[in-house]
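Trainee: I would like to go through this model one point at a time. Please give the reasoning before each result.

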Amino acid sequence: MATLQSLASASPLSHSCHQLRSLSGIVTCTVNGSADSAFNGRSLHMARSRLAPIRRNSKIFGPITMMAKPTIQFIQGTDELTVPDVRLTKSRDGTNGMAIFRFDQPSVFDSSGEIGEITGFYMIDEEGVLQSVDVSAKFVNGKPSGIEAKYVMRTPQEWDRFMRFMERYANQNGLEFIKK
């Protein structure tokens, strides 16, 4: 249960966690998004694990860091499998910038009818979620063929946070940076 609470508290969303234990040992934890977030709560159900008791002489080396695989989503909970072409622009004074993501034949089109509608553009990693609602689809002969998403960074801190996400995402998906 501590794992679920750690994961929930690592999220930038405000949350509340209520623990309910049944006779079967099932633990329920609900994480709720804040009013100004597009995220809705999800109930997590886990069977209670039986762990060996900690011995007095056991050595504890420090906190365990949970790593989240960097991913992009258009529908919450459904990872986008297509790797995008990403273009970055930055102002001369370095105070703001924009990232433009272009997806050709994204996998979200295959599953959007079954799972739901595109609700935004979400970049998720171990630090949390970066999101944008500036998403547009390209249609050819009445069929969806691509998606363009824009993410605007208005401060140097937002730029740095985005670059940390992109470094993780690039390493995970084999992207490289080419300066023009």
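Trainee: Where is the place of Q105?

Mentor: This is a predicted model, so the answer describes the prediction. Two elements flank the residue, β7 (97-104) and α2 (108-115). The place of Q105 is the loop between β7 and α2.

Trainee: What is the phi of Q105, and is the residue buried or exposed?

Mentor: Q105 is not a glycine, yet its phi is positive, at about 50°. Its relative accessible area is 54%, and the cut-off for exposed is over 50%. Therefore Q105 counts as exposed.

Trainee: Which loop holds N141, and what is the phi there?

Mentor: N141 sits in the loop between β10 (135-140) and β11 (143-153). With a relative accessibility of 76%, N141 is exposed. This residue other than glycine has a positive phi, near 55°.

Trainee: How confident is the prediction for the chain, and which residues have pLDDT below 50?

Mentor: The mean pLDDT of the protein chain is 73, and 60% of its residues reach 70 or more. One stretch falls below 50, and it has 75 contacts in the model beyond near neighbours in sequence. Where pLDDT is low, predicted coordinates should not be read in detail. The stretch in question is residues 1-58.

Trainee: In what order do the 4 strands of the open sheet lie, and which stand at the edges?

Mentor: The order is β5-β4-β8-β9, with antiparallel pairing. An edge strand here has a single partner strand, so one of its sides is left without a neighbour in the sheet. The strands at the edges are β5 (78-79) and β9 (128-132).

Trainee: How many bridges join β4 and β8, and what is the bridge partner of Q73?

Mentor: Strand β4 covers residues 71-75 and strand β8 covers residues 121-125. They pair in the antiparallel sense over 3 bridges. In β8, the partner of Q73 is Y122.

Trainee: Which strands does α3 lie across, and at what angle to β8 does it run?

Mentor: The helix α3 lies across β4, β8 and β9. Its angle to β8 is about 75°.

Trainee: How many aromatic pairs does the structure hold, and what is the geometry of F74 and F103?

Mentor: The structure holds 7 aromatic pairs. For F74 and F103 the centres are 5.1 Å apart and the planes are at 80°, which makes the pair edge-to-face. F74 is in strand β4 and F103 in strand β7, so the pair ties together parts that are 29 residues apart in sequence. As for burial, F74 has a relative accessible area of 1%, and F103 has 1%.

Trainee: Why is the pair of Y151 and F162 classed as it is?

Mentor: The ring centres of Y151 and F162 are 5.7 Å apart. Their planes are at 25°, and planes under 30 degrees apart count as stacked. Y151 lies in strand β11 and F162 in helix α3, so the pair ties together parts 11 residues apart in sequence. The class of this pair is therefore stacked.

Trainee: Which residues have the most contacts inside the largest nonpolar core, and which element supplies the largest share?

Mentor: The core has 20 residues, and those with the most contacts inside it are I72, F101, F121, M123 and F162. At least two residues come from each of β4, β7, α2, β8, β11 and α3. The largest share, 5 residues, comes from α3.

Trainee: Which residues does M123 touch, leaving out those up to four places away in sequence?

Mentor: The set includes I72, F101 and F162. It also includes T71, G128, V129 and L130. The remaining names are Y151 and F165.

Trainee: Is I100 buried or exposed, and how far is its C-alpha from that of T89?

Mentor: I100 lies in strand β7. Its relative accessibility is 17%, and the cut-off for buried is under 20%, so I100 counts as buried. I100 and T89 are 11 residues apart along the chain, and their C-alpha atoms are separated by 8.5 Å.

Trainee: Where is K179 found, and how far is it from R87 in space?

Mentor: K179 is in the segment after α3 (156-173). At 72% relative accessibility, K179 is exposed. K179 and R87 are 92 residues apart in sequence, and their C-alpha to C-alpha distance is 9.9 Å.

Definitions and conventions: Residues numbered from 1 in each chain as written. Predicted model: local features only at pLDDT ≥ 70, side-chain atom pairs only at ≥ 80, totals over all residues. Heavy atoms only, no water. Buried < 20%, exposed > 50% of the residue type's maximum accessible area, 1.4 Å probe, protein only. Pairing = 2+ DSSP bridges. Contact = heavy atoms within 4.5 Å. Axes fitted to C-alpha atoms, helices over the stretch in contact; angles between N-to-C directions. Phe/Tyr/Trp six-rings, centres within 6.5 Å; stacked < 30°, edge-to-face > 60°. Core = buried A, V, L, I, M, F, W, Y, C linked by side-chain atoms within 4.5 Å. pLDDT = per-residue confidence, 0-100.
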